Amino acid sequence: MSKLLPLFIYPLGLACLFLGLTLLTLWKRPHIAALSAIAALVVLLLGSNGWVAAQLVRSLEWQYVPTTLPNAEAIVVLGGGIKPQIAPRPWVDVAEAGDRVLYGAQLYQQGKAPLVVLSGGRIEWKGGGSASESEDMAKLAEVLGVPKTAIAQDPTSLNTYQNAVNVKQILQQRGINRVLLVTSAMHMPRSMGIFQKQGIEAIAAPTDFSITAQELEEYQATLQGFLLNLLPDAEKLQQTSRAMKEYVGILVYRLKGWM
């Protein structure tokens, strides 16, 4: 239910609800049907607008702009960007958020910390495989030059709160508290709040940025760029939905006292 219900808050799900109301009221209450259809159109147009998406995404991603990172005792990489080795995939696949593993391995190679903690389980009915995501992340990290002896795993966590709770146990067993926290830039505000609530000294090391300063400048540099960002775009709709998902998550986690 926690995965299903929020879908109807995001632009696509909300527009579908309005269209469903349109069909139900079309014959007996045409004025309500008309208003509902207009509402569905407005939601889709706003949600897929480049300006709306950029501002929503930036409001999250730019809270932790990368700086020169200090050394720490461990690098914690949160899951969410690796697809399991399921036929016809020849090996594990890297999705967009797979930048997390790549960046975590890079930080290790730079000597930022001697240990990489990979955190992520899998929901069986949602693209799950025979291995946990942390195991698949470990395979990729090893290929990228992180030795097996420098990797610790949390293979059971299914959300960000569980990431923090389980990672804390791993850190306490090793006498570690200061970590570099690697996750997608949009996910970083919620992650930092949760890890700090657990008493972990987390230093933000964001990656997987969707919006850059150059892109924002390009939106305004030419008339073509300005007009194109007014038109509906499926990628922008997805960005808006992801940003809204984070804001919903932040609200729910605060209400639960998790951050």
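Visitor: What makes up the secondary structure of the chain?
Guide: In this predicted model, the chain has 10 helices and seven strands, and buried residues make up 46% of its 259 residues.

Visitor: Why is the aromatic pair of Y161 and W258 called stacked?
Guide: The ring centres of Y161 and W258 are 4.0 Å apart and their planes differ by 10 degrees; because centres within 6.5 Å make a pair and planes under 30 degrees apart count as stacked, the pair of Y161 and W258 is a stacked one.

Visitor: What makes this a pair that links distant parts of the chain?
Guide: Y161 belongs to helix α6 (residues 160-173), whereas W258 lies in the segment after α10 (234-255), and the two are 97 residues apart.

Visitor: Why is the pair of Y253 and W258 called edge-to-face?
Guide: Between Y253 and W258 the angle of the planes is 80 degrees, with 5.0 Å from centre to centre; since planes over 60 degrees apart count as edge-to-face, that is the name for the pair of Y253 and W258. Ring pairs thus link Y161, Y253 and W258 into a cluster.

Visitor: How do you know whether Y253 and W258 are buried or partly exposed?
Guide: Buried means under 20% relative accessible area, so Y253, at 8%, is buried, while W258, at 22%, counts as partly exposed.

Visitor: How do you know that R190 lies over the face of Y253?
Guide: R190 is placed at 5.0 Å from the ring centre of Y253, and the distance cut-off for a charge over a ring is within 6 Å, together with a limit of within 35 degrees of the ring normal; R190 is accordingly listed as lying over the face of Y253.

How values were computed. Residues are numbered from 1 along each chain as its sequence is written. This is a predicted model: local features need pLDDT of at least 70, side-chain atom pairs count only at pLDDT 80 or more; totals for chains, interfaces and linings use all residues. Side-chain values use heavy atoms; hydrogens and water are left out. Helices (H or I, at least four residues) and strands (E, at least two) are DSSP runs, numbered from the N terminus. Buried means under 20% relative accessible area, exposed over 50%, partly exposed in between (1.4 Å probe, protein chains only). Rings of Phe, Tyr and Trp (its six-membered ring) pair if their centres lie within 6.5 Å; planes under 30 degrees apart count as stacked, over 60 as edge-to-face and the rest as tilted.
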